[in-house]
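Here is a walk through one chain, from a single helix out to the whole fold. Have a look at the structure first, then read on.

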Amino acid sequence: MTAIYTRPRPATANFLPAISTMASSYKGHYPLNGYRHSLMMPWRPSTYYKIASIAPNLGSFSMNVPGPAEVKSAHSPSNRTAILTRYTPQDWYESNQYNYKESESSRNFADRLRVDTARLLQFKDNVTKKIQFESNKNLGERVNDIMFWKSELDHEAEQMSGETNALMHIKKRLERALMETEGPLQMAQECLYQREKRLGIDLVHDDVEKQLIKEVDCIKSCQERMRRHLDWAIAQLVSNRGAQHELERDINDKNVAYRIDGKCHQLRNTSDGIGYYRGVDRMDATISIPETWAKFTDNNILRSQNERVTSAKVRDDIENLLNSTSNEMWNQFNTLNTSLTNRISETSDAKNKLQIHLAKTLQTIFQTELTIEHIKRAIRDKEGPLKVAQTRLEERTRRPNVELCRDPVQIHLVNEVRELDTTIQTLQQRLKDAEDTLQMLVQTKSALEYDLSVKANSLFIDQEKCMGMRKNFPSTPRLIGYT
């Protein structure tokens with residue numbers, strides 16, 4: 001075998017190669033001609049051998065061709081022995097001594113190299129283990145930092161989600177309360193209109209008409225304040241969703257970083273999937289430092305906390321508004337009702353049917369809203385499997401070379417993604433249909449309320465018309481948004 005480490009050896013021009021030079025090694029060997037003997041004994045100079053094997057003389061030079069006698073004399077054994085004896089015993093001894101020294105020097109060099117190499121290997125092994133230990137320690141600390149901030153983000157995201165849901169709930173209450181005020185407003189206006197049909201002495205600007213005008217103004221004032229607070233709630237929901245989005249995006253980034261750093265932290269020298277990535281140490285794709293990294297998450301949390309405080313204040317203002325408007329409208333309603341105590345319903349059957357349909361419509365609206373929530377929840381439930389399937393497909397695109405095989409796993413994953421996309425699109429279409437149905441139900445409810453007010457108007461005309469209409473005044477729970 002060839003050694004890994006070698007040292008140039010000095011030229012041995014003054015000595016023969018390490019082969020036997022005893023006379024017995026070539027005794028009785030007669031060369032056939034100069035060229036063949038030179039090839040069989042490569043250590044002898046070819047030119048010298050040819051000169052020594054053919055003795056020149058004047059006759060051969062004058063005739064240009066060696067005579068038969070001279071050629072025969074050149075190949076005689078006695079002449080060969082005299083010509084080929086080139087080295088003395090002293091040369092032979094010195095050659096052997098040189099080879100001994102060279103062998104001992106090479107062995108000494110190899111021993112020193114072996115000892116130095118063992119020491120170098122041990123040192124480098126210790127350095128490698130130390131560096132790897134520090135890397136594992138740093139990765140562990142990084143994973144702990146990610147987990148800490150992720151837990152803070154999860155907690156804040158949960159708090160923000162709860163606050164957003166609470167704000168959405170009270171916003172819906174406000175919308176329902178605003179919608180509920182339409183009925184009393186229409187009833188008050190209808191009473192004024194019907195009272196304009198009074199004849200003779202009944203066309204008097206009495207206390208009932210004054211209270212009706214005051215009630216209309218009260219309801220309109222309540223509606224204006226409700227719309228203003230509704231705009232504030234919508235704007236605050238946008239801010240909450242923005243903060244929530246930043247938190248969720250940061251959480252998703254933390255999850256990815258945690259998975260990657262956790263995987264790196266678990267890697268060992270015997271782990272599967274490790275390999276050479278030449279030049280990766282010269283790539284710097286980082287965009288932050290630990291301080292800015294932590295401050296980014298801290299800013300997201302602070303923003304979310306500020307938005308939660310503002311959102312809570314908006315909720316409190318809306319709650320107070322609902323209570324105050326409900327009390328104002330009910331007080332005015334009771335004041336007016338003291339002047340309308342003798343109203344009788346002549347069309348009670350039609351009125352009851354409208355009320356039944358209205359109740360069914362409200363129940364259907366409630367069920368439709370539940371259905372919409374179920375569909376949205378189903379769509380959210382499909383997002384996880386879709387992300388998993390798409391992530392698997394994306395991860396499998398990193399397979400090297402021929403490993404990028406369209407195997408059954410790949411086909412099934414593609415089919416899974418397509419099936420999930422189809423499912424989500426179907427659910428989204430069903431969600432749109434449900435929302436359209438809900439809108440239609442809301443419109444139907446408004447139409448029923450309007451028709452109910454029309455029927456009540458007929459009742460008011462027949463017998464003290466206004467009193468029958470006002471029996472349908474919304475209850476306190478409905479006026480504060482509870483249906």
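## Helix H7

Let's start with H7, in what is a predicted model. This helix covers residues 182–195, 14 residues in total, and spans 20 Å from its first C-alpha to its last. That is close to the 20 Å you'd expect at 1.5 Å a residue.

Which residues of H7 are buried? They are Gly183, Pro184, Leu185, Met187, Ala188, Cys191, Gln194 and Arg195. Keep Met187 in mind, since it comes back as a member of one of the nonpolar cores.

## Aromatic pairs and a charge over a ring

How many aromatic pairs does a search of the whole structure find? It turns up 2. One is Phe148 with Trp149: the ring centres are 5.2 Å apart and the planes sit at 70 degrees, so this pair is edge-to-face, the cut-off for that label being over 60 degrees. Phe148 has a relative accessible area of 44%, so it goes down as partly exposed. Trp149 comes in at 15%, and because buried means under 20%, it makes the buried list.

The other pair is Trp330 with Phe333, with centres 5.1 Å apart and planes at 80 degrees, so it is edge-to-face too. Both residues belong to helix H9 (residues 290–337), and they are 3 residues apart, about one turn of the helix. Trp330 is partly exposed at 23% relative accessibility, while Phe333 is buried at 7%.

There's also a charge to point out: Arg142 lies over the face of Trp293, 3.9 Å from the ring centre.

## More along H9, and the loop after it

Buried or exposed: what is Ser326? Ser326 is part of helix H9, and with a relative accessible area of 1% it is buried. Setting aside neighbours within four places in sequence, Ser326 is in contact with Thr476, Leu479 and Ile480.

Asp298 is another H9 residue, and it counts as partly exposed at 28% relative accessibility. Its C-alpha is 9.2 Å from that of Glu152, although Asp298 and Glu152 are 146 residues apart along the chain.

Step off H9 and you reach Ser339, in the loop between H9 and H10. Ser339 is partly exposed, at 30% relative accessibility. Leaving out neighbours within four places in sequence, Ser339 is in contact with Asp207 and Val208. Glu209 is 130 residues from Ser339 in sequence, and the C-alpha to C-alpha distance between them is 9.7 Å.

## The nonpolar cores

In soluble globular proteins, nonpolar side chains tend to be buried together. Which residues touch the most other members of the largest nonpolar core here? Of its 24 residues, the answer is Ile365, Ile375 and Ile379. Helix H10 (348–396) and helix H11 (408–462) each supply at least two residues of this core, and H11 gives the most, with 13. Ile379, for its part, is in contact with Ile424, Leu427, Gln428 and Leu431, leaving aside neighbours within four places in sequence. Apart from that largest core lies another one, of 17 residues, including Met187, Phe333, Met469 and Phe473. So Phe333, buried at 7%, appears both in an aromatic pair and in this second set.

Thr368 is worth a look as well. Thr368 sits in helix H10 and is buried, with a relative accessible area of 9%. Not counting residues up to four places away in sequence, Thr368 touches Ala434, Leu438 and Leu441.

## The whole chain

Zooming out, how many helices and strands does the chain have? The tally is 13 helices and 0 strands, so, from the N terminus on, the elements read α-α-α-α-α-α-α-α-α-α-α-α-α. Among contacts with a separation of 6 or more, residues 24 or more positions apart account for 84%.

As for the surface, 30% of the 483 residues count as buried. The chain exposes about 32000 Å², and carbon and sulfur atoms supply 57% of that area.

Conventions. Residues are numbered from 1 along each chain as its sequence is written. Side-chain values use heavy atoms; hydrogens and water are left out. Helices (H or I, at least four residues) and strands (E, at least two) are DSSP runs, numbered from the N terminus. The expected span of a helix is 1.5 Å times one less than its number of residues. Buried means under 20% relative accessible area, exposed over 50%, partly exposed in between (1.4 Å probe, protein chains only). Rings of Phe, Tyr and Trp (its six-membered ring) pair if their centres lie within 6.5 Å; planes under 30 degrees apart count as stacked, over 60 as edge-to-face and the rest as tilted. A charge sits over a ring if NZ of Lys or CZ of Arg is within 6 Å of the ring centre and within 35 degrees of the ring normal. Contact means heavy atoms within 4.5 Å. A nonpolar core is a set of buried Ala, Val, Leu, Ile, Met, Phe, Trp, Tyr and Cys residues joined through side-chain atoms within 4.5 Å. Accessible areas come from the Shrake-Rupley method with a 1.4 Å probe; for residues, only the protein chains shown count as cover.
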